[in-house]
Amino acid sequence: MTLPPSHVWLNALLQALQFAQSAWLSTLYSLGITDDSHGAPAWPWDVRIAGENLVIDVALARQFAWMLAAIVFALACVLLALLWRRAWRWLLAAAIGALVLAPWPSPSLWLTAAVPTSFHTNPTGFTVESIARGSRVYAAHCVACHGADGRGEGPLAATLHRWPPTMASALLSRRADGELFWHVLYGMRDEQGATMPGFAARLSDREIWAALDYMRVLSASAGMTAGGSWPVPIALPVLSVKCANTQPRNLAAWRGHQRVRVVAVDAAHPPPFEDPRFLTLLVERNAPPSVETPAIRKVAVQRSDRAPTPNVTTLFGARADCVADGPDAWQVLAQIAGVSASTLAGTEWLADRDGWLRALAPAGRRGWADGGLMCTTATAPPEGAQAALRSDPLTATLRQMDNDPVRFVKGGFVH
């Protein structure tokens with residue numbers, strides 16, 4: 001797919017703003033002007049540029065971009081006037097004219113409240129182990145108000161003067177990781193009092209970050225259950241992978257290089273054939289770490305009869321043999337798919353080269369009959385893509401994934 005032109009410049013603007021603010025924070029910290037907070041530099045002001053507002057209001061973003069351009073132009077004119085004295089009047093007039101003609105959107109539109117951890121990022125790496133830990137934290141401390149499904153309808157929700165927000169929306173995408181962390185740690189208040197208690201005395205930083213990982217999975221689960229799609233892009237959780245007789249490796253090593261197909265297998269759903277268009281990862285229910293199940297042992301026997309061919313993968317030769325090396329992946333992926341663990345077998349996912357889950361084929365559906373692509377910018381395939389979709393739906397889906405990547409993550413999504 002081709003990105004709309006506005007999204008290209010908007011994404012560049014958002015990334016530039018994120019980089020500028022982060023670089024400024026690092027500079028202040030290195031100079032000793034600001035301290036650290038919970039293991040990272042603390043943002044010293046109570047406001048920041050609201051990328052999440054710019055991403056949902058293109059007109060505001062355009063005004064903001066012109067304002068920045070006018071300021072940069074005016075500063076350049078002033079500096080040039082200092083060096084070129086004979087033209088200083090003309091340069092100063094040009095600077096004033098640019099500032100007068102520039103749009104000046106209200107700061108209340110492009111600034112938002114900030115906290116010391118606004119620019120912190122989640123250190124867990126979004127691993128299966130962290131998500132599993134977060135599910136336990138959520139069940140013990142959050143489910144009473146937010147509900148088991150994350151819709152904000154827990155048994156204690158009605159006792160609050162403001163109902164908890166639903167996680168089936170794009171709520172998490174509009175808030176920075178560090179701000180969610182801060183609000184869980186110290187709670188939230190409005191003019192009527194506390195809307196959420198703080199957990200600083202009950203939970204460690206590690207437990208809070210894990211709970212936020214789980215809430216992203218819960219958001220995906222609620223979105224799939226309600227509307228058949230993920231409300232925000234979600235990454236393929238990081239886990240240990242064991243391929244044939246090799247040592248376990250971290251799934252994150254594949255990011256940036258390979259697409260990944262994830263397949264939930266059991267006795268009735270055997271491993272699929274290898275496909276050179278992506279790496280295939282098998283997930284088995286309750287598989288203990290580093291133990292080969294009968295299905296995988298059978299594949300190993302089939303492959304042992306063949307002479308190895310380095311760096312060559314046939315389209316329909318050997319069955320996939322890379323397995324999730326841990327017991328928690330099945331339950332985590334079942335939640336991402338929005339189904340129960342008992343009905344997950346046969347489900348497939350596709351992750352792009354950057355590690356984002358982009359497509360889902362539910363159990364019982366034969367292959368990628370309609371592509372199943374999620375997290376896209378365009379509302380329909382471009383001209384000519386419909387014929388490609390009919391002739392080879394999987395290849396068409398992979399091309400869409402490559403041509404329409406998840407563009408921006410911090411402060412809002414363009415996707």
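**Exercise 1. Find how S8 is joined to strand S12, and which residue stands opposite Cys 243.**

Step 1. In this predicted model, S8 and strand S12 (residues 322-324) run antiparallel and are joined by three bridges. Strands are DSSP runs of E, at least two residues long, and helices are runs of H or I of at least four, both numbered from the N terminus. Two strands pair if DSSP finds at least two bridges between them.

Step 2. Opposite Cys 243 stands Cys 322 in S12.

Step 3. Residues are numbered from 1 along each chain as its sequence is written. Local features need pLDDT of at least 70, side-chain atom pairs count only at pLDDT 80 or more, totals for chains, interfaces and linings use all residues, and side-chain values use heavy atoms, with hydrogens and water left out.

**Exercise 2. Describe the connection between S8 and S9.**

Step 1. Strand S8 (residues 240-243) is joined to S9 by two bridges, and the two run antiparallel.

Step 2. Val 241 has Arg 249 in S9 as its bridge partner.

Step 3. The two strands form a hairpin with five residues between them. Ala 244, in the turn, has a positive phi of about 50°.

**Exercise 3. Place the strands in the sheet and state which stand at the edges.**

Step 1. The open sheet has eight strands in the order S7-S14-S13-S10-S11-S12-S8-S9, with mixed pairing.

Step 2. Strands S7 (234-235) and S9 (249-250) stand at the edges; each has a single partner strand, so one side of each lacks a neighbour in the sheet.

Step 3. Helix H13 (residues 393-403) packs on the sheet and touches S13 and S14, where contact means heavy atoms within 4.5 Å. The direction of H13 makes about 40° with that of S13; axes are lines fitted to C-alpha atoms, for helices over the stretch in contact, and angles run from 0 to 180 degrees between N-to-C directions.

Step 4. S13 (residues 348-351) and S14 (residues 356-361) pair in the antiparallel sense over four bridges. In this pair, Glu 348 stands opposite Ala 361 in S14.

**Exercise 4. State how far the model can be trusted, residue by residue.**

Step 1. The mean pLDDT (the predictor's confidence in each residue, from 0 to 100) is 84, and 82% of the residues reach 70 or more.

Step 2. Over residues 289-315 the pLDDT is below 50, although this stretch has 32 contacts in the model beyond near neighbours in sequence. Where pLDDT is low, the predicted coordinates should not be read in detail.

**Exercise 5. List what lines the second largest cavity, by residue and by class.**

Step 1. The lining consists of Leu 236, Leu 251, Trp 254, Arg 255, Gln 258, Val 260, Asp 352 and Gly 355. On a 1 Å grid over the protein atoms alone, a cavity is a set of points where a 1.4 Å probe fits but cannot get out, and lining residues have an atom within 4 Å of a point.

Step 2. By class, four are nonpolar, two polar and two charged. Ala, Val, Leu, Ile, Met, Phe, Trp, Tyr, Cys and Pro count as nonpolar, Asp, Glu, Lys and Arg as charged, and the others, Gly among them, as polar.

Key
On a 1 Å grid over the protein atoms alone, a cavity is a set of points where a 1.4 Å probe fits but cannot get out, and a pocket is an open set with protein on both sides within 12 Å along at least five of seven lines; lining residues have an atom within 4 Å of a point.
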